[in-house]
Every structure is written in C-alpha cells, then in structure tokens.
Amino acid sequence: MRTPFYQYDLGILENTLKSIEECTQLHSNWHVHYAIKANANPLLLKHIKEYGLGIDCVSGGEIQVAMDNGFPASSIVFAGVGKADWEIDLALKAGILCFNVESEAELDVIAERCSALGKTAHIAFRVNPDVDAHTHANITTGKAENKFGIEIPMLLPIIRKAIDNPCFIFEGLHFHIGSQILDMEPYRLLCQKVNALQDHLENEGIKVNSINVGGGLGIDYVNPEQNPVPDFKQYFSIFESDLKLRPGQQLHFELGRAVVAQCGRLVTKVLYVKQGTIKKFAIVDAGFTELIRPALYGAHHKIVNLTSKGELQKYDVVGPICESSDVFGKDEMLPETHRGDLIALLSAGAYGEVMSSQYNCRPLPPAEAGKF
Ligand SMILES: *Cc1c(COP(=O)(O)O)cnc(C)c1O
C-alpha cells in the first residue's frame, strides 16, 4: 500500500457496535443514527448497517451516500443550518424519516418545496438549549452564540406554524450540544432542559412524538490502545435515568465520533529526519491534507513508530505541506526514528479520511482493512 493510507480495524468497529447494541437493545423506542459526516467509507458503513443503526446526515451528498450504501431513507435524519433547495428536494423525494429544521426561514422553504413536489415532510425543530458542552470552542454547538438551532424563547410560534401547515407532520425536538464530550454533566443539563421544555409544550397543548438528543460522546485520544471502546454504558444510562420521556415517545441518538474514531489510524512513512539547533524533526509523508484535526482544532493524535524499537528520543513530527500549522506533534518521545519507518497516528477513524483534501495537488489517501 502506498503511504500515507488509512487503515481500519473492523474488529474494533464490531466491538464498538456490539457495545452500543448491548446498551440500547432493551429499549424498543430508542434509535441510534450514525452521524455519517464522521466517516463515510463503505468498509465501515457495511458493518454499521448490519447493526441496524440509521444515519444522521448534514447534506444532500450524505443522504445520497447513505442510500447508495443500502441505508433505507426511513432511517435517515437530516440536520444542517443551510439546507439548499436541491438537498431538500432530494430528501423529500427519498422520503427520509425527519428533517431537523434549524430556522423559521428554512421551515418556509421546506413548505414551498413540499407544495411544489406534492410531498409532506416529517419535521423536528433543532433547539439551541444554551448548554455549554465544555469542549473545544470550534466544536461547541449548543450555546446561544452558536449558529445552530432555534433558541427556546423563539420556539413556540414556530412550532404552531408547523402544526398549522398540512405540509408538515410535526415529530418533535432535536438537540446536539457539541462534540468530544467526556464529562457527562452537560448531558445531565441537557436532560433537564428537555424535561422543562416538554412540560412547557405540554401546557401549551403541543404533542411531541420524538426527542433527538444528538451525539457528541467523546473518545480517549490519550490512551486509545487501553480504551478502544467508549463508555457507552455511562452515556446511555444518563438518558435512561434523567430524561422524562412521555408514554410512546421515541428517543433518537446521533453518534459519530464515538462509533468510528478508534477503529481507524493513519499510517505514514518517515521521509527525513532533520536535526536543527534546538529541535529534531521527523518529516512524514502525511500532512493536514490527510488528517486536518491537529491543524484545525489543535487536536492531538497519539503517535507511534511501527518500525523502530530503539531508544526514546524527542521529535517534532511534521508533514510536508507548506503551512506552519502542518504539525502532528511537538516534543514527541519516539524510539530512534529513521527514514523509511512507518508511523501511525491513532484514533483517526472519525473526521480523518472524510476531511482529507487535495491541497498542494496531493492525491487523496487510500484505505484498507487491517489489524492493529
Ligand atoms: C456532527 C453531528 C453529530 C455527531 O457528532 P459526534 O461528535 O461525531 O458524535 C450529531 N448530530 C449532528 C446534528 C451533528 O451535526
């Protein structure tokens, strides 16, 4: 395999999916939708489909890929603040499970497209619950200053407008507070917000069929080998204990990162070892074109040398791209590293391959199944 390439351990993916299944199978009204934006590789989608997960999409392209990979439209939910007309049309014609509507303006356009196509739309409103997920600023989505969702004080008239329009079947409420969430407190707060909002809507005579609590569960980027499967038990048990569902209500989850992050790694080759006056650089053949999370979020992926077993030395591990942000790690302790060594960047299954680009006219990385 030419380097750099993505490698997926489908055994780890299976164990992850089994754990989700164990936590959810006793609840016939719970539905997990895999957030396909985390990784749309067909190798992974095949297994995810076998475990009966639905799909959470944020674009028309994702809806198309989900259906091309055999996911039924009736398992697809569709979020996003900027749904284009063609994307709405695609979703209406396919007959997806639910639009998660993020503004009144979007509601009006969906109504227009329903009339034009003679379709009805199942809709939920994405609510901005003003909960701080205490995660990186660029991946927090549930605060009033974020662009996502409709703020609670503005919600009621918009719900009434939807209920009064025969184009729509009003399903319920959708939330998604952020990503890489490891502290469970924000999820407890979310449950409290949902409970209060449900009481309020009930008093207003509004019937809610479904609650969608989004995704965001984090994974262990520091010790991925020790913790390849996220703590789904802890996550799901919070909703079991703290969320007051009404009889017959459906509960939807949208997990992305937690499903696929640990089953993927980026394998790259050392091109050069360069000794500076104060630093030693291991220059590898992957850059932010293959894995952008370090450059985009300051994220860190554990770096291991798959070839060398020598004595530990300190390296800055950097890519070949002509940007100073093209750095995977500073002062990394690695066994003595040589040209030709294979280096793996771990926990790269989510927001890795799918975010790769062709900047510098580089080819997109290939992918294969393998065992870690
Ligand atoms: C990205 C996204 C998710 C999944 O987030 P993860 O942090 O990968 O679990 C879920 N729902 C919506 C609406 C999203 O945009």
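**Exercise 1. Count the polar contacts between the two domains.**

Solution. Across the interface of domain 1 and domain 2, 12 residue pairs are in polar contact, both residues at pLDDT 80 or more. A polar contact here is a pair of N or O atoms within 3.5 Å; within protein, one must be able to donate a hydrogen and the other to accept it, and residues adjacent in sequence count only if both atoms are side-chain atoms.

Next, see what domain 1 brings to this interface. Helices α1 (10-24), α2 (42-50) and α9 (257-260) each supply at least two residues of the side that touches domain 2; helices are DSSP runs of H or I, at least four residues, numbered from the N terminus. The largest share, three residues, comes from α1.

A word on the source: this is a predicted model, where local features need pLDDT of at least 70, side-chain atom pairs count only at pLDDT 80 or more, and totals for chains, interfaces and linings use all residues. Residues are numbered from 1 along each chain as its sequence is written, and side-chain values use heavy atoms, with hydrogens and water left out.

**Exercise 2. Find the salt bridge between the domains.**

Solution. Start with the count: there is one salt bridge between domain 1 and domain 2. The term means a side-chain nitrogen of Lys or Arg within 4 Å of a carboxyl oxygen of Asp or Glu. Now look at Glu225 and Lys302, which form a salt bridge with their closest N and O atoms 3.0 Å apart.

**Exercise 3. Locate the domains.**

Solution. The domain assignment, automatic or from a database, gives domain 1 (10-261) and domain 2 (262-370). Their centres, taken over C-alpha atoms, are separated by 33 Å.
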